[in-house]
Amino acid sequence: MDYIFNRCSIRKFKDEPLKDDEIQKILKAAFSAPSARDLRPWQFIVIQNKETLEKLSTVSPYASFLKDASMGMIVCADTNINPSLDYCQQDCAAATENMLIEANALSIGSCWLGVYPREERYLKVNEIMKLPKGIFPLWMIAFGYSDQKAVVKNKWDESKIHYEKYKKNLLNQDALI
Ligand SMILES: Cc1cc2nc3c(=O)[nH]c(=O)nc-3n(C[C@H](O)[C@H](O)[C@H](O)COP(=O)(O)O)c2cc1C
């Protein structure tokens, strides 16, 4: 559980390749995720080629550090398997969180990089990767050995826990009117 509690996004990486068995374990974690109707509507594109990483790092202003990652991954929804992109996203998100946790357990830093639903971003990924019909790039992940101090935030928030019934937030009464 500590690997969940002390995970944080890492955006600075050492210039060192990941080991093959580590990559396999990260992928194994993805494939262990639950999915609606057990359809597993995902495709994972593993990228270690520096030129491709550099191109993908321009997909969004918040992905620039992907060029320095040891490995990038494009998490894709496969709408040929499940035509509902909404369900695909939920399933792929579960797989992604599993990978971030497994990476942390292996002392590998990672950061989720948003793509979908920003049209200019997913079109750019498509242009770079020439993805086939029905394959939607949802987001990317940067992986690498960390070269920064980990900043683990305390996100525990009692006000967002509701036992038995939804408790009204006295500070937010206006929102209900
Ligand atoms: C859907 C999603 C999209 C994200 N996109 C980006 C991104 O484009 N660039 C980035 O640096 N971090 C991105 N993040 C990471 C968040 O900024 C980070 O998870 C958040 O600030 C909480 O910090 P923590 O991961 O260290 O707990 C994204 C996270 C999620 C879940």
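Which atom of the ligand lies 2.9 Å from a backbone N or O atom of Tyr62? Keep that in mind as you go. The model on your screen is predicted.

**Stop 1: the whole protein.** Show the cartoon. You should find 5 helices and 4 strands. Trace the chain from the N terminus: the elements run α-α-β-α-β-α-β-α-β. The C-alpha atoms fill a box of roughly 55 × 40 × 30 Å along the principal axes. Now colour by burial. Of the 177 residues, 40% are buried.

**Stop 2: the ligand's shell.** Select the ligand, then the residues around it. Start with Arg7, Cys8, Ser9 and Arg11, which are among them. Add Tyr62 and Phe65. Next come Cys111, Trp112, Leu113 and Gly114. Finish with Lys153 and Lys155. By class, this shell holds 6 nonpolar, 2 polar and 4 charged residues.

**Stop 3: the polar contacts.** Zoom in on Tyr62. Here is the answer to the opening question: a nitrogen atom of the ligand sits 2.9 Å from a backbone N or O atom of Tyr62. Move to Trp112. One of its polar backbone atoms is 3.1 Å from a nitrogen atom of the ligand. Then click Ser9. An N or O atom in its side chain is 2.6 Å from an oxygen atom of the ligand. Zoom out and show the surface. On its own, the ligand has 630 Å² of accessible area, and the protein covers 65% of that.

**Stop 4: the largest pocket.** Select Arg7, Cys8, Ser9, Lys153 and Lys155. Of the 13 residues lining the largest pocket, these lie nearest its centre. The lining divides into 5 nonpolar, 2 polar and 6 charged residues. The volume of this pocket is about 230 Å³.

How values were computed: Residues numbered from 1 in each chain as written. Predicted model: local features only at pLDDT ≥ 70, side-chain atom pairs only at ≥ 80, totals over all residues. Heavy atoms only, no water. Near = heavy atom within 4 Å. Polar contact = N/O pair within 3.5 Å; in protein donor to acceptor, adjacent residues only side chain to side chain. Areas by Shrake-Rupley, 256 points an atom, 1.4 Å probe, with all protein chains shown as cover. Nonpolar A, V, L, I, M, F, W, Y, C, P; charged D, E, K, R; others polar. 1 Å grid on protein atoms, 1.4 Å probe; cavity = no way out; pocket = protein on both sides within 12 Å on 5 of 7 lines; lining within 4 Å. Points joined across faces, edges and corners; volume = space filled by probe spheres on them. Helix = DSSP H or I, 4+ residues; strand = E, 2+ residues; numbered from the N terminus. Buried < 20%, exposed > 50% of the residue type's maximum accessible area, 1.4 Å probe, protein only.
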